[in-house]
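User: I'm new to this structure and would like to understand the words people use for it. Could you go through them with me?

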Amino acid sequence: MASPRPTPQSAITSNPAIHAGEPILTGTATPVRAIAELWNQGMAAEEIPIHLPHLKLYQVFAALAYYLGHRDEVDKFILANRIPEDLVGKKFGPATGKYS
């Protein structure tokens, strides 16, 4: 007997222990925002599994469907995880606790 096909709804979950409960792809720690960001930067959905090979194409489409239905929520996660402009290109020195 074949296993049931995952639905877009079952492909997305949240777990308070992973990324503070933001939506992730079920069975992974990949947040929906990661897929949304690549897509927003112009990457075709079909290309995303090439760059994130642990994902299947159906997972990418499920993440995009979730994103399009919950855009405000996911955009807040994207914004919250942006690297501040003043730190772009800098390296953190764990020994000194400073950026250079």
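Analyst: Happy to help; below, each term is set against its cut-off, and please keep in mind that this is a predicted model.

User: Let's start with the helices. Why are H3 and H4 called roughly perpendicular?

Analyst: The axes of H3 (residues 57–69) and H4 (residues 71–80) cross at roughly 105 degrees and come within 5 Å. Angles of 65 to 115 degrees count as roughly perpendicular, so H3 and H4 earn that description.

User: Which residues of H3 and H4 meet there?

Analyst: From H3 come Tyr66, Tyr67, Leu68 and Gly69, and from H4 come Arg71, Glu73, Val74 and Asp75. Sorted by class, this contact has four nonpolar, three charged and one polar residue. Gly is counted among the polar residues.

User: How do you know that H1 and H4 are roughly perpendicular too?

Analyst: H1 (residues 32–40) packs against H4 at an angle of about 90 degrees, and the two axes are 9 Å apart. The range for roughly perpendicular is 65 to 115 degrees, therefore the label fits H1 and H4. On the H1 side, the contact is formed by Val32, Arg33, Ala36, Glu37, Trp39 and Asn40, while H4 brings Arg71, Val74, Phe77 and Ile78. By class, that contact holds six nonpolar, three charged and one polar residue.

User: Val74 came up in both contacts. What does Val74 touch?

Analyst: Setting aside neighbours within four places in sequence, Val74 is in contact with Val32, Arg33, Ala36, Tyr66 and Tyr67. Val74 also belongs to the largest nonpolar core.

User: What makes a group of residues a nonpolar core, and how many residues has the largest one?

Analyst: The members must be buried residues of nonpolar kinds, joined through side-chain atoms within 4.5 Å. The largest such set here has 16 residues, and those with the most contacts inside it are Ile12, Leu25, Val32, Ile35, Val60, Ala63 and Val74. H1, H3 and H4 each supply at least two residues of this core, and the largest share, five residues, comes from H3. As background, nonpolar side chains in soluble globular proteins tend to be buried together.

User: Why is the pair of Glu22 and Arg33 called a salt bridge?

Analyst: The test asks for a side-chain nitrogen of Lys or Arg within 4 Å of a carboxyl oxygen of Asp or Glu. For Glu22 and Arg33 the N to O distance is 2.9 Å, so the pair passes that test. Glu22 lies in the loop between E1 and E2 and Arg33 in H1, so the pair ties together parts that are 11 residues apart in sequence. A search of the whole structure finds one salt bridge.

User: Are Glu22 and Arg33 buried or exposed, and how do you know?

Analyst: Buried means under 20% relative accessible area. Glu22 has 3% and is therefore buried. Arg33 has 12%, so Arg33 counts as buried as well.

User: What else does Arg33 touch?

Analyst: Not counting neighbours within four places in sequence, Arg33 is in contact with His19, Glu22, Val74, Phe77, Ile78 and Asn81. Arg33 and Tyr67 are 34 residues apart in sequence and 7.7 Å apart in space, C-alpha to C-alpha.

User: Why is His19 called partly exposed, whereas Ala20 is called exposed?

Analyst: Exposed means over 50% relative accessible area, buried means under 20%, and partly exposed lies in between. His19 has 35%, so His19 is partly exposed. Ala20 has 75%, so Ala20 counts as exposed. His19 sits in the loop between E1 (12–13) and E2 (24–25), and Ala20 is found in the loop between E1 and E2. Phi is near 50 degrees for His19, a positive value in a residue other than glycine. For Ala20, phi is near 55 degrees, again a positive value in a residue other than glycine.

User: And what makes Thr30 count as buried?

Analyst: Thr30 has 10% relative accessibility, and buried means under 20%, so Thr30 counts as buried. Thr30 is placed in the loop between E2 and H1. Leaving out residues up to four places away in sequence, Thr30 touches Ile24, Leu25, Ile35, His54 and Leu55.

Definitions and conventions: Residues are numbered from 1 along each chain as its sequence is written. This is a predicted model: local features need pLDDT of at least 70, side-chain atom pairs count only at pLDDT 80 or more; totals for chains, interfaces and linings use all residues. Side-chain values use heavy atoms; hydrogens and water are left out. Axes are lines fitted to C-alpha atoms, for helices over the stretch in contact, and angles run from 0 to 180 degrees between N-to-C directions. Helices (H or I, at least four residues) and strands (E, at least two) are DSSP runs, numbered from the N terminus. Angles under 35 degrees count as roughly parallel, over 145 as roughly antiparallel, 65 to 115 as roughly perpendicular and the rest as oblique. Contact means heavy atoms within 4.5 Å. Buried means under 20% relative accessible area, exposed over 50%, partly exposed in between (1.4 Å probe, protein chains only).
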